[in-house]
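Please look over the fold below before reading on. The briefing takes its aromatic contacts, then its helix packing, then one loop residue.

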Amino acid sequence: MTDFSVERAVMPGTMASNERIVRRSFWRKLARTFTYLPFATNLLAAWYCAFDSSTPIKVKGILLAALAYFVMPLDIVPDLILGLGFTDDMTVLITAVSLIQRHMKPEHYDKARETIAHLRAGTFTAPT
């Protein structure tokens, strides 16, 4: 289970586990759900920030914890509940972004919008 305390989120073992979870499942879940997510741009910008080599390690830890929560199959409000399913995911992401917002760069948001355009057009290929 993902731990959302900042101290735990930046521990090397926790970060490595969260990164594996995110790398394995993020793009697959995003492709299935992005049309339902009012926060898709922020979610993608968080992904691009988390995997930006210039992002500080503490910021990466916080973002990876939030992204791991998004892809986890079990969460507080199941994603299948229409209208409510992603509210907990959105709350976790908004909280994480508010903690690190000065590290979210315009280029992260630009890449996020470009990715959404490709997803809508059916021309997106997930990064490896």
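## Aromatic pairs and helix packing

The model, which is predicted, holds eight aromatic pairs. One of them joins F26 and W27: the pair is edge-to-face, with 5.0 Å centre to centre and 85 degrees between the planes. Six helices and zero strands make up the secondary structure.

**Aromatic core**

- F26 and W27 are both buried.
- W27 also pairs with F124, and this pair is tilted: the centres are 5.0 Å apart, with 35 degrees between the planes.
- W27 sits in helix α2 (residues 12-33) and F124 in the segment after α6 (106-121), so their pair ties together parts that are 97 residues apart in sequence.
- The two partners are covered to unlike degrees by class: W27 counts as buried because its relative accessibility is 10%, while F124, at 24%, counts as partly exposed.
- One aromatic cluster takes in F26, W27, W47, Y48, F51, F70 and F124.
- F70 also has a charged neighbour: K29 lies over the face of the F70 ring, at 4.8 Å from the ring centre.

**Helix α3**

- Helix α3 spans residues 40-50 and is mostly covered.
- Nine of the eleven residues in α3 are buried.
- The buried set in α3 is A40, L43, L44, A45, A46, W47, Y48, C49 and A50.
- Two of these, W47 and Y48, also belong to the aromatic cluster.

**α2 against α3**

- The axes of α2 and α3 come within 12 Å and cross at roughly 155 degrees.
- An angle over 145 degrees counts as roughly antiparallel, and α2 and α3 are therefore roughly antiparallel to each other.
- Their crossing is left-handed.
- From α2, the contact uses V22, F26, W27 and L30.
- From α3, L43, L44, W47 and Y48 make the contact.

**α3 against α4**

- Helix α4 covers residues 57-71, and its axis comes within 9 Å of the α3 axis.
- These two axes cross at roughly 135 degrees, which makes α3 oblique to α4.
- The crossing of α3 and α4 is left-handed.
- On the α3 side, the contact is made by L43, A46, W47, C49 and A50.
- On the α4 side, V59, K60, L63, L64, L67 and F70 take part.
- L43 and W47 of α3 appear in the contact with α4 and also in the contact with α2.

**H103 in its loop**

- H103 is placed in the loop between α5 (87-100) and α6.
- Is H103 buried or exposed? H103 counts as buried because its relative accessibility is 19%, and the cut-off for buried is under 20%.
- Leaving out residues up to four places away in sequence, H103 touches C49, P56, V59 and H108.
- C49 and V59 are also among the residues that make the α3 and α4 contact.

**Whole chain**

- Along the sequence, the pattern reads α-α-α-α-α-α.
- The protein has 128 residues, of which 46% count as buried.
- Among contacts between residues at least 6 apart in sequence, 68% join residues at least 24 apart.
- The W27 and F124 pair, with its parts 97 residues apart in sequence, is one link of long sequence range.

Note on methods. Residues are numbered from 1 along each chain as its sequence is written. This is a predicted model: local features need pLDDT of at least 70, side-chain atom pairs count only at pLDDT 80 or more; totals for chains, interfaces and linings use all residues. Side-chain values use heavy atoms; hydrogens and water are left out. Rings of Phe, Tyr and Trp (its six-membered ring) pair if their centres lie within 6.5 Å; planes under 30 degrees apart count as stacked, over 60 as edge-to-face and the rest as tilted. Buried means under 20% relative accessible area, exposed over 50%, partly exposed in between (1.4 Å probe, protein chains only). Helices (H or I, at least four residues) and strands (E, at least two) are DSSP runs, numbered from the N terminus. A charge sits over a ring if NZ of Lys or CZ of Arg is within 6 Å of the ring centre and within 35 degrees of the ring normal. Axes are lines fitted to C-alpha atoms, for helices over the stretch in contact, and angles run from 0 to 180 degrees between N-to-C directions. Angles under 35 degrees count as roughly parallel, over 145 as roughly antiparallel, 65 to 115 as roughly perpendicular and the rest as oblique. A crossing is left-handed if the near helix is turned anticlockwise from the far one by less than a right angle, and right-handed if clockwise. Contact means heavy atoms within 4.5 Å.
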